[in-house]
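User: I would like a close look at one part of this model, with some context from the whole chain. Please keep it brisk.

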Amino acid sequence: MEALNAEELPCAVVVVDHDGLVVDSTGLFSVWTGLDAASLVGRPLRGLLASPESSSLVGAVFERVLHVDGSERAVVTSRAARPDGEFILLVETSDRALLVDRLAQTRSLEERTRNRLELIIQASIAFATARTEPELAEILARTVGRSYQSEEAAVFFVDEESGAFVRSAGSDPLASALDLAPTIAAVVASGRVLLLSGTDEADALDTDLGHAMRSAGVHSLLIAPIRHETDLFGVFVCYFLHPRVFDAEAVPLADALAGQAGQAATSLRLQRRLAHAATHDETTGLPNRRLLEALVLESEVGDAALQATLFIDLDGFKAVNDSLGHHVGDGLLRQVGGRLRELVRQRDLVARYGGDEFVVVCDVPDLAAANDVAERIRLAIGAPYASLPPGVGVRASIGMVVARHGDPTWNLDSLVRLADHAMYEAKSGGGDRVVGISLGAVE
């Protein structure tokens, strides 16, 4: 060492024997390791160095000298053989190694960002092919499962009527052990993606959840809310049956996929509402005349040989509407529509034809049954309404046509016209009555 003036070199020097044991070293190496020269002698050099790290960015191989306090120092080594061992020169490259680490992190971030963008683009294309919400849910469940490489995934959409979270697609391995709804509700309330990297983290959130995950063999969990602007559609859940630690890209990717799904769901619901508005009455929610015609054509003929078409006009509705206001009139129309739906069978058709006019089309076994349906409707419409003042109400003038199924002489349009004429006959006779017409050999 003295011959080389090693202590004056801007690097450390270590001499090892054929077994890799330290024979001698410079003072700088002692500083780097935190061990004095005497303590270093006889120690394996490999125990003082961390495993080499290579970098494809700069073509260098870095080693790290370990200090007794746990810190590390990056070095590049140069080795020369000696008769009794090896002469090793260690040059500190901490600044260079730090730069390489930063470059590697940047490259890794760029790669993850590119992969995330590709996944988002692919998801957007896939979501655009969905024609219904159940189909969208299926595509979303498959997409998030692939994106996170989870063994199972599920989509829970909010039921528009009950407001409950209902599994719409995918599989839920926790279903037999736990109702996930409270956890989903908590995630939705927080507005943030939930990441659970292990059952211990699940225990900290909810001991029942942690127990269910252990029972089902689920190691980790990801739950992301599906929203678009102020509308909540549901959540997607990824179940990992292997240990999973989430990186910094997990949440941004979940937010992006959920956002894309939310936009697709918004578009589907808008299309559905527009389609519904085109075929249903806005006030009562009943089919309009256009949909009625389509439903009659699509309806299957049951055992009944006869079809009754009833044209219903409300006596006294104009007076209620003029004196109490349109909002009361609209409410009355909704109540009448509700009573009609309750009186007929599910397969029978009820439509608002316009103004205060309704049409009912139903199968009947005979003429007596048709008269019974018409009379029950007349009495139901004439019953009191809690929303109206005492003594104020409406009655029904009903025109009814009964014809045989499949008779080529008649179609819905002609039957409705005939029923309309019969209704005017009932109204001109004082109202609150039924006038029936039988076509052909109807008994």
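What share of the contacts in the chain with a separation of 6 or more comes from residues 24 or more positions apart? After that, concentrate on the open sheet of five strands. In what order do its strands run, and which helices lie across the sheet?

Analyst: The share is 59%: that is what residues 24 or more positions apart contribute to the contacts with a separation of 6 or more. Keep in mind that this is a predicted model. The chain has 443 residues, and 42% of them count as buried. Its secondary structure comprises 13 helices and 16 strands. About 23000 Å² of surface is exposed, with carbon and sulfur atoms supplying 52% of that area.

Now the sheet. Its order is β8-β7-β11-β10-β9. The sheet is open, and its strands pair antiparallel. Two strands form the edges: β8, residues 165-170, and β9, residues 194-196. Each edge strand pairs on one side only. From one strand to the next, the twist averages 20°.

Start at the β9 edge. Its partner is β10, which covers residues 220-228. Three bridges hold these two antiparallel strands together. One residue pairing can be named here: Leu196 has Leu221 in β10 as its bridge partner.

Two helices lie across this sheet. Helix α4 spans residues 133-148. It lies across β7, β8, β10 and β11. Its direction makes about 145° with β7, the strand at residues 152-158. Helix α8 spans residues 250-279. The strands under α8 are β7, β9, β10 and β11. Relative to β10, α8 runs at about 40°. Read the two lists by edge: the α4 list includes β8, and the α8 list includes β9.

Next, the end of β11. This strand covers residues 231-240. Phe240 pairs with Phe246 in an edge-to-face arrangement, 5.5 Å centre to centre with 75° between the planes. Both Phe240 and Phe246 are buried.

A search of the whole structure gives two aromatic pairs. The other one joins Phe311 and Tyr353. It too is edge-to-face, at 5.7 Å between centres and 75° between planes. Phe311 sits in strand β12, residues 306-315, and Tyr353 in strand β13, residues 349-354. The two residues are 42 positions apart, so this pair links distant parts of the chain.

Why do both rings of this pair count as buried? The cut-off is under 20% relative accessible area. Phe311 has 2%, so it counts as buried. Tyr353 has 14%, so it is buried as well.

Tyr353 has a further neighbour. Arg289 lies over the face of its ring, at 4.1 Å from the ring centre. A similar arrangement appears elsewhere: Arg339 lies over the face of Tyr385, at 3.6 Å from the ring centre.

For comparison with the sheet, take some strand pairing early in the chain. Strand β1, residues 12-17, pairs with β6, residues 85-92, in the antiparallel sense over six bridges. Val13 has Leu89 as its bridge partner in β6. Strand β5, residues 72-82, also pairs antiparallel with β6, over eight bridges. Thr77 stands opposite Leu90 there. A hairpin of two residues joins β5 to β6.

Technical notes: Residues are numbered from 1 along each chain as its sequence is written. This is a predicted model: local features need pLDDT of at least 70, side-chain atom pairs count only at pLDDT 80 or more; totals for chains, interfaces and linings use all residues. Side-chain values use heavy atoms; hydrogens and water are left out. Rings of Phe, Tyr and Trp (its six-membered ring) pair if their centres lie within 6.5 Å; planes under 30 degrees apart count as stacked, over 60 as edge-to-face and the rest as tilted. Buried means under 20% relative accessible area, exposed over 50%, partly exposed in between (1.4 Å probe, protein chains only). Helices (H or I, at least four residues) and strands (E, at least two) are DSSP runs, numbered from the N terminus. A charge sits over a ring if NZ of Lys or CZ of Arg is within 6 Å of the ring centre and within 35 degrees of the ring normal. Two strands pair if DSSP finds at least two bridges between them. Axes are lines fitted to C-alpha atoms, for helices over the stretch in contact, and angles run from 0 to 180 degrees between N-to-C directions. Contact means heavy atoms within 4.5 Å. Accessible areas come from the Shrake-Rupley method with a 1.4 Å probe; for residues, only the protein chains shown count as cover.
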